[in-house]
Amino acid sequence: MSRKTPRPNPIQWIGYVFGRRLPDSMIDWVRNDLTGKYATARHILRGMVPFTPLFVVFLLFPGELWLRGAMVLLAMLLALFYTAAFMPMNRAHRLAKHGLPADLENPERMRRRALERVRYAAQHPH
């Protein structure tokens, strides 16, 4: 991704986190966000942001600090589980929403997969 690729401002990014479509001028940024290096880590972070108010509310509940902390930890683990479990579907949905192929992959991963196919074909000819 080049330096001149427009990036979303904080308001646009929050909207993107909650499922809004970014302008067409940011399509390269979206492609890199969803398929580039560290896309999985960005997805996990992006998926946890909407749960932040819930974590704060749990901290405000009455009771011992350790109990409130345990509630937040449990909520974080559940949010993390669901964020990771639905990653492929959410990614495909975001790609399609921005007019990109839903099965778009990381270019490096595609290159490695093609190399594996070539190696396999060489080792196991028909």
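Is Arg 21 buried, partly exposed or exposed, and at what relative accessibility? In this predicted model, Arg 21 counts as partly exposed, with a relative accessibility of 38%. The side chain of Arg 21 meets that of Asp 24 in a salt bridge, with a nitrogen-to-oxygen distance of 2.9 Å, and Asp 24, at 54% relative accessibility, counts as exposed. The partners of this bridge therefore fall into separate accessibility classes, since the exposed class begins over 50%, with Arg 21 at 38% and Asp 24 at 54%.

The overall fold of the protein chain is described by 7 helices and 0 strands, which, when read along the sequence, give the pattern α-α-α-α-α-α-α. The radius of gyration of the protein chain is 19 Å, whereas the globule rule gives 14 Å for 126 residues, a value that is well exceeded, so the chain is more spread out than a compact globule. Taken along the principal axes, the C-alpha atoms fill a box of roughly 65 × 40 × 25 Å. An example of separation within the chain is provided by Val 57 and Gly 99, which are 42 residues apart in sequence and 37 Å apart in space, C-alpha to C-alpha; Val 57 itself is placed in helix H4 (residues 52–60) and, at 41% relative accessibility, counts as partly exposed.

With regard to burial and surface, 26% of the 126 residues of the protein chain count as buried, and the chain exposes about 9200 Å², of which carbon and sulfur atoms supply 67%. Among the contacts in the protein chain with a separation of 6 or more, 53% are accounted for by residues 24 or more positions apart.

The largest nonpolar core has 9 residues, namely Tyr 16, Leu 22, Met 26, Trp 29, Val 30, Leu 34, Leu 95, Leu 100 and Leu 104. Helix H2 (residues 27–35) contributes the largest share of this core, with 3 residues. A second, separate core has 6 residues, including Met 48, Phe 55, Ala 75 and Ala 79. For Leu 104, a member of the largest core, the contacts that remain once neighbours within four places in sequence are left aside are those with Arg 31, Thr 35, Arg 91 and Leu 95.

Aromatic side chains form 5 pairs in the structure. One of these pairs joins Tyr 16 and Trp 29 in an edge-to-face arrangement, at 5.3 Å centre to centre and with 70 degrees between the planes. Because Tyr 16 lies in helix H1 (residues 10–17) and Trp 29 in helix H2, this pair ties together parts that are 13 residues apart in sequence. Both residues belong to the largest nonpolar core, and their accessibilities are 0% for Tyr 16, which counts as buried, and 7% for Trp 29, which also counts as buried. In the pair formed by Phe 81 and Tyr 82, the ring centres are 5.2 Å apart and the planes stand at 80 degrees, so this pair is edge-to-face as well. Here, however, Phe 81 counts as exposed at 51% relative accessibility, while Tyr 82 is partly exposed with a relative accessible area of 46%. Phe 81 and Tyr 82 form one aromatic cluster together with Phe 86.

Side chains of opposite charge can pair when their charged atoms come close. A search of the whole structure finds 7 salt bridges, among them two that involve Glu 108. The side chains of Arg 111 and Glu 108 meet at 2.5 Å, nitrogen to oxygen; these residues are 3 residues apart in helix H7 (residues 107–123), and are therefore separated by about one helical turn. Glu 108 also forms a salt bridge with Arg 112, at a nitrogen-to-oxygen distance of 4.0 Å, and these two residues, both in helix H7, lie 4 residues apart, again about one turn of the helix. The participants are partly exposed, with relative accessible areas of 36% for Glu 108 and 44% for Arg 111, and a relative accessibility of 41% for Arg 112. Elsewhere, Asp 33, Arg 42 and Arg 46 are joined into one network by salt bridges that share partners.

How values were computed:
Residues numbered from 1 in each chain as written. Heavy atoms only, no water. Core = buried A, V, L, I, M, F, W, Y, C linked by side-chain atoms within 4.5 Å. Buried < 20%, exposed > 50% of the residue type's maximum accessible area, 1.4 Å probe, protein only. Contact = heavy atoms within 4.5 Å. Rg over C-alpha atoms; globule rule 2.2 N^0.38 Å. Areas by Shrake-Rupley, 256 points an atom, 1.4 Å probe, with all protein chains shown as cover. Phe/Tyr/Trp six-rings, centres within 6.5 Å; stacked < 30°, edge-to-face > 60°.
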